[in-house]
Amino acid sequence: MIVASGATFTMYNVKLTNHEAADLRVNGAGVYVNGGTFNMRSGSLVDNTSKSSSGGGGVLVDNGGTFNLYSGTISDGNAYLGAGVSVKDNSTFNMYGGTISGNKASDPNTIYGEGGGVYVGSYSQSGTFHMYGGKITNNTATQYGGGVYVYEGTFDMDEGEISGNTTSGPGGGVSVVDQIGRASCR
């Protein structure tokens, strides 16, 4: 599903499962927010896989888009970056509730895999992730940030839970690259 610039998609009690973005030029496997707005009120994104270099097994938020997660589950996704959610290029992810769980960031051809639950940033423009509630649990990454990886961007956490996430590198829960990414918890 693609949510283009100027469009809004609101999801209730729907299950999107077993989608694969196999072409490296195709972005996001479950939902690709390409400048639009995606409101997830309930339902689930399950077992979606992105082989794109932009990542986003469950959701890719790109090109100034906005993703608001109120309730529902993003689980068992696979991607090189942001197996659950990838936030890039001046985009915003607001998490008010819901669960991001059991996602795996890995690349079968390399040692890389960043942001098992959520990946924030890009190599040219930053992303923003505000966590006001919800859970990021039991995600894995082969390199950085089992739960959340902030490469270039901002992560603010007011409430919620980040637990049980793992990685072979730094930041099983949260990993922030120094002087590029910014994170704060209240």
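**Reading loops, rings and contacts**

Q: Where in the chain is N90 found?

A: In this predicted model, N90 belongs to the loop that runs between strand 13 (85–87) and strand 14. Its relative accessible area is 47%, so N90 is classed as partly exposed, since that class covers values between 20% and 50%.

Q: Which residues does N90 touch, once residues up to four places away in sequence are not counted?

A: With those neighbours set aside, N90 touches G64, Q125 and S126. A separation along the sequence can also be set beside a separation in space: N90 and G153 are 63 residues apart in sequence, while their C-alpha atoms are 8.6 Å apart.

Q: How many helices and how many strands does the secondary structure of the chain come to?

A: The count is 0 helices and 26 strands. The C-alpha trace spans about 40 × 35 × 30 Å along its principal axes, and 52% of the 186 residues of the chain count as buried. If one takes the contacts between residues at least 6 apart in sequence, 83% of them join residues at least 24 apart.

Q: How is a pair of aromatic rings described, or in other words, what two quantities should I look at?

A: A ring pair is described by the distance between the two centres together with the angle between the two planes. This structure holds 9 aromatic pairs. For F93 and F129 the ring centres are 4.7 Å apart and the planes stand at 5°, so this pair is stacked, given that an angle under 30 degrees qualifies. The pair links distant parts of the chain, with F93 in strand 14 (residues 92–95) and F129 in strand 18 (residues 127–131), 36 residues apart.

Q: Are F93 and F129 buried or exposed?

A: Both F93 and F129 are buried. A further stacked pair is formed by Y144 and Y149, at 5.4 Å centre to centre and with 10° between the planes. The partners in this pair fall into separate classes of accessibility: Y144, at 27% relative accessibility, counts as partly exposed, whereas Y149, with a relative accessible area of 4%, is buried.

Q: Which residues do ring pairs link into a cluster?

A: The cluster joins F9, F38, F67, F93, F129 and F155 through ring pairs, so the buried residues F93 and F129 belong to it as well.

Q: Which ring does the charged end of R41 sit over?

A: The charged end of R41 sits over the ring of Y70, at 3.9 Å from the ring centre. For the chain as a whole, there are 9 positive and 14 negative side chains, and the centres of these two sets lie 4 Å apart.

Q: What does Y96 touch, apart from residues up to four places away in sequence?

A: Y96 touches N68, L69, Y70, Y132, G133 and G134, and Y70 is the residue whose ring lies under the charged end of R41. The place of Y96 is the loop between strand 14 and strand 15 (99–101), where Y96 is partly exposed, with a relative accessible area of 37%. Y96 and Y132 are 36 residues apart in sequence, yet 4.9 Å apart in space, C-alpha to C-alpha.

Q: Where is S175 found, and is it buried or exposed?

A: S175 is found in strand 25 (residues 174–176), and its relative accessible area of 8% makes it buried. Leaving out residues up to four places away in sequence, S175 touches Y144, G145, V148, Y149, V150 and P170, a list that includes both members of the stacked pair Y144 and Y149.

Q: What sign does phi have in most residues other than glycine?

A: In most such residues phi is negative. In this model, N13 has a positive phi of about 45° although it is not a glycine; N13 lies in the loop between strand 2 (8–11) and strand 3 (15–17) and is exposed, with a relative accessible area of 68%. N138 also has a positive phi, near 55°, and its place is the loop between strand 19 (135–137) and strand 20 (140–141).

Technical notes:
Residues are numbered from 1 along each chain as its sequence is written. This is a predicted model: local features need pLDDT of at least 70, side-chain atom pairs count only at pLDDT 80 or more; totals for chains, interfaces and linings use all residues. Side-chain values use heavy atoms; hydrogens and water are left out. Rings of Phe, Tyr and Trp (its six-membered ring) pair if their centres lie within 6.5 Å; planes under 30 degrees apart count as stacked, over 60 as edge-to-face and the rest as tilted. Helices (H or I, at least four residues) and strands (E, at least two) are DSSP runs, numbered from the N terminus. Buried means under 20% relative accessible area, exposed over 50%, partly exposed in between (1.4 Å probe, protein chains only). A charge sits over a ring if NZ of Lys or CZ of Arg is within 6 Å of the ring centre and within 35 degrees of the ring normal. Contact means heavy atoms within 4.5 Å. Lys and Arg count as positive and Asp and Glu as negative; His and the chain ends are not counted. The place of a charge is taken as NZ of Lys, CZ of Arg, CG of Asp or CD of Glu.
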